[in-house]
Amino acid sequence: MHSDEEIFKDTTTKALLQLLKKDIDFHEYCYQEIFPRGKEIKMNDNKNFKIYLVESGYFAYCLKNEYGDFGIISFVGGEIAINLIPLIKEEPEDAFLRCLTQVRCWVLDSDFVGRVLDENNQKAKFLLSNLLYTRKVYFKASKRTFMKKELRIRACLKEIGLYMGRVTKDKDFILPDEINNSILAQYANTTREYTNIIVLKLRKEGILDDSHKPWVIKKIDEL
């Protein structure tokens, strides 16, 4: 019986890329691309279904409701092999990736990836890794819905810090320049007005310095 950590260790983006590059047709079906900040990529696109392996930067994984409003479910970097885009093509109808930052990534043809994984008896392992990862993401997102609004904002800010923050020797967490009240509100599923109130409260408590870009979390353990 393997733990989730062992499965993730064996199915990294680096491991997948190394496997794919051994195939003579790799460069015919796979290429690198740089997406600008703000670009949106439809997830459930059967006509142009691609797999994206992030090399640098972050996607925001978003869902849109019937009114056209959207929220952020998670942020996606380069640590997971298939990055929330499973080969089984069962993403929600209104799911899309929005580039939070400039994103440099590999764009892979899904049929090519499927063939190579099949030929190397690796498809089940990578699919399991992807499904385990998405399960964790959706579990975290659903758990947040049961939190009170302030706790939700604080939890989301802490997650952003731990996932995307650059840690200094003083244990400050420097966030990407793109993190602001609007992004935090979309992630916490709260209004921007209420998020502003809580951000001001965190500033007064000395937990967050948002006086300039980038934001800095000064006391992450107090979130």
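The legends below describe three close-up views of a predicted model.

**View 1. Helix H4 and its surroundings.** Helix H4 spans residues 110-119, and its buried residues are Ser-110, Phe-112, Val-113, Gly-114, Val-116 and Leu-117. These buried residues pack against three helices, H2 (13-21), H3 (26-29) and H5 (123-144). They also pack against strands S1 (30-35), S3 (50-56) and S7 (103-109). At the start of H4, the backbone nitrogen of Asp-111 has a side-chain oxygen of Asp-109 within 3.1 Å. Just after the helix, Asn-121 adopts a positive phi of about 55°.

**View 2. Thr-101 in the loop between S6 and S7.** Thr-101 sits in the loop that links strand S6 (95-99) and strand S7. Its relative accessibility is 9%, so Thr-101 counts as buried. Apart from neighbours within four places in sequence, Thr-101 contacts Phe-35, Pro-36, Arg-37, Gly-57, Tyr-58 and Glu-178. Glu-178 is 77 residues away along the chain, with 6.8 Å between the C-alpha atoms of Thr-101 and Glu-178. The side chain of Thr-101 also reaches the backbone nitrogen of Tyr-58, at 2.9 Å.

**View 3. The open sheet S2-S6-S4-S5 and helix H5.** Four strands make up this open sheet, with antiparallel pairing. Strands S2 (40-42) and S5 (70-76) are at the edges with a single partner strand each, so one side of each has no neighbour in the sheet. On average, neighbouring strands are turned by 30° against each other, direction ignored. Strand S4 (residues 59-64) and S5 run antiparallel and are joined by six bridges; Phe-59 stands opposite Val-76 of S5. Helix H5 packs on the sheet, where H5 touches S4 and S5, and the direction of H5 makes about 135° with that of S5.

Technical notes: Residues are numbered from 1 along each chain as its sequence is written. This is a predicted model: local features need pLDDT of at least 70, side-chain atom pairs count only at pLDDT 80 or more; totals for chains, interfaces and linings use all residues. Side-chain values use heavy atoms; hydrogens and water are left out. Buried means under 20% relative accessible area, exposed over 50%, partly exposed in between (1.4 Å probe, protein chains only). Helices (H or I, at least four residues) and strands (E, at least two) are DSSP runs, numbered from the N terminus. Contact means heavy atoms within 4.5 Å. A polar contact is a pair of N or O atoms within 3.5 Å; within protein, one must be able to donate a hydrogen and the other to accept it, and residues adjacent in sequence count only if both atoms are side-chain atoms. Two strands pair if DSSP finds at least two bridges between them. Axes are lines fitted to C-alpha atoms, for helices over the stretch in contact, and angles run from 0 to 180 degrees between N-to-C directions.
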